[in-house]
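Visitor: I am new to this structure and would like to learn how to read it. Could you take me through it, one feature at a time?

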Amino acid sequence: MSTISIIGTGGMAAAIGGLAAKAGHTVEVTSRDAVKARTLAAQIGAGATTGAFGAAPAGDIVILAVPYSAVLDVVKQYGEGLAGKVLVDITNPVASDHTSFVTPGDSFGAKEITKAAPADA
Ligand SMILES: NC(=O)c1ccc[n+]([C@@H]2O[C@H](COP(=O)([O-])OP(=O)(O)OC[C@H]3O[C@@H](n4cnc5c(N)ncnc54)[C@H](OP(=O)(O)O)[C@@H]3O)[C@@H](O)[C@H]2O)c1
């Protein structure tokens, strides 16, 4: 089993965290709001823990469960703390009217995240 860290405490973090714990993985929740992180960890149960936002996550797998508009800054804030981690991008880099992508025409969300993350993430 793996240790999976989730950045964010919204609907997707709750859904993925719950399923990961149910499957027997260890879950760590981190958020810019420590109270929300503790609340979600308690909701997930199964020994889920919380980590300090911006500090190196405990998990080797890190789910980026924040809006695309925030994810590049979040990844930069974690910086070398994400070195060697498997980053899972679930973001939807689309405009609010859902008619276009917000990424450069020759790129895509995960590619932009890769550029912001440590080289070996
Ligand atoms: N791939 C898929 O099938 C799928 C489906 C649905 C959603 N998504 C994507 O999954 C991601 C999360 O969706 P969601 O529905 O869980 O969203 P949500 O309920 O709005 O939760 C967003 C989370 O991101 C945090 N956040 C927002 N801005 C932040 C910032 N600048 N710095 C740090 N944390 C920030 C929020 O923290 P606060 O509570 O403190 O604001 C919250 O914990 C989004 O990118 C969404 O597009 C993907």
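Guide: What follows is a conversation about the ligand, the helices, a salt bridge and a few single residues. Please keep in mind from the start that this is a predicted model.

Visitor: Let us begin with the ligand, then. Which residues come nearest to the ligand?

Guide: A residue is taken as near when one of its heavy atoms lies within 4 Å of the molecule. Here 17 residues are around the ligand, and those that come nearest are Thr-9, Met-12, Arg-32, Lys-36 and Val-66.

Visitor: Which polar atoms of the protein lie close enough to name, and at what distance from an oxygen atom of the ligand?

Guide: Two of them belong to the backbone: a polar backbone atom of Thr-9 is 2.8 Å from an oxygen atom of the ligand, and a polar backbone atom of Gly-11 is 3.1 Å from an oxygen atom of the ligand. Asn-92 takes part through its side chain, of which a polar atom lies 3.2 Å from an oxygen atom of the ligand. As for cover, the ligand taken alone exposes 920 Å², and the protein buries 63% of that.

Visitor: Which elements give two or more residues to the shell around the ligand?

Guide: They are helix H1, residues 11–22, and helix H3, residues 68–78. The largest share comes from H3, which gives three residues to the shell. When the residues of the shell are sorted by character, nine are nonpolar, six are polar and two are charged.

Visitor: Now to the helices. How should I read a helix when some of its residues are buried and others exposed?

Guide: The words depend on relative accessible area, with buried meaning under 20% and exposed over 50%. In helix H2, residues 34–44, the buried residues are Ala-37, Leu-40, Ala-41 and Ile-44. They lie on the same side of H2, because they cover an arc of only 100° around the axis. The face of H2 that is turned away from this buried side carries the exposed residues Val-35, Ala-42 and Gln-43. Leu-40, one of the buried residues, has a relative accessibility of 4%, and its C-alpha atom is separated by 18 Å from that of Gly-54, although the two are 14 residues apart along the chain.

Visitor: Which residues of H4 are buried, and which are exposed on the other side?

Guide: In H4 the buried residues are Gly-109, Glu-112, Ile-113 and Ala-116. Seen down the axis of H4, these residues fall within an arc of 100°, so they line one face of the helix. On the other side of H4, Thr-114 and Lys-115 are exposed.

Visitor: How many salt bridges does the structure hold?

Guide: The structure holds one salt bridge, in which the side chains of Lys-115 and Glu-112 meet at 2.9 Å, N to O. These two residues are separated by about one helical turn, because they are three residues apart in helix H4, residues 109–116. Lys-115 counts as exposed, at 58% relative accessibility, whereas Glu-112 counts as buried, at 13%.

Visitor: With which other side chain does Glu-112 share a polar contact?

Guide: The side chain of Glu-112 is joined to that of Ser-107 by a polar contact of 2.5 Å. Ser-107 lies in the loop between S5 and H4, and at 12% relative accessibility Ser-107 counts as buried.

Visitor: Where in the chain should I look for a positive phi in a residue that is not a glycine?

Guide: Look at Ala-46, which has a positive phi of about 55°, and at His-98, which has a positive phi of about 60°. Ala-46 is found in the loop between H2 and strand S3, and Ala-46 is exposed, with a relative accessible area of 63%. His-98 is found in the loop between S5 and H4, where His-98 counts as exposed at 65% relative accessibility.

Visitor: Last, how far apart are Leu-87 and Leu-64 in sequence and in space?

Guide: They are 23 residues apart in sequence, while their C-alpha atoms are 7.0 Å apart in space. Leu-87 lies in strand S5, residues 86–89, and Leu-87 is partly exposed, with a relative accessible area of 22%.

Conventions
Residues numbered from 1 in each chain as written. Predicted model: local features only at pLDDT ≥ 70, side-chain atom pairs only at ≥ 80, totals over all residues. Heavy atoms only, no water. Salt bridge = Lys/Arg side-chain N within 4 Å of Asp/Glu carboxyl O. Helix = DSSP H or I, 4+ residues; strand = E, 2+ residues; numbered from the N terminus. Buried < 20%, exposed > 50% of the residue type's maximum accessible area, 1.4 Å probe, protein only. Polar contact = N/O pair within 3.5 Å; in protein donor to acceptor, adjacent residues only side chain to side chain. Areas by Shrake-Rupley, 256 points an atom, 1.4 Å probe, with all protein chains shown as cover. Nonpolar A, V, L, I, M, F, W, Y, C, P; charged D, E, K, R; others polar. Arc of directions from axis to C-beta.
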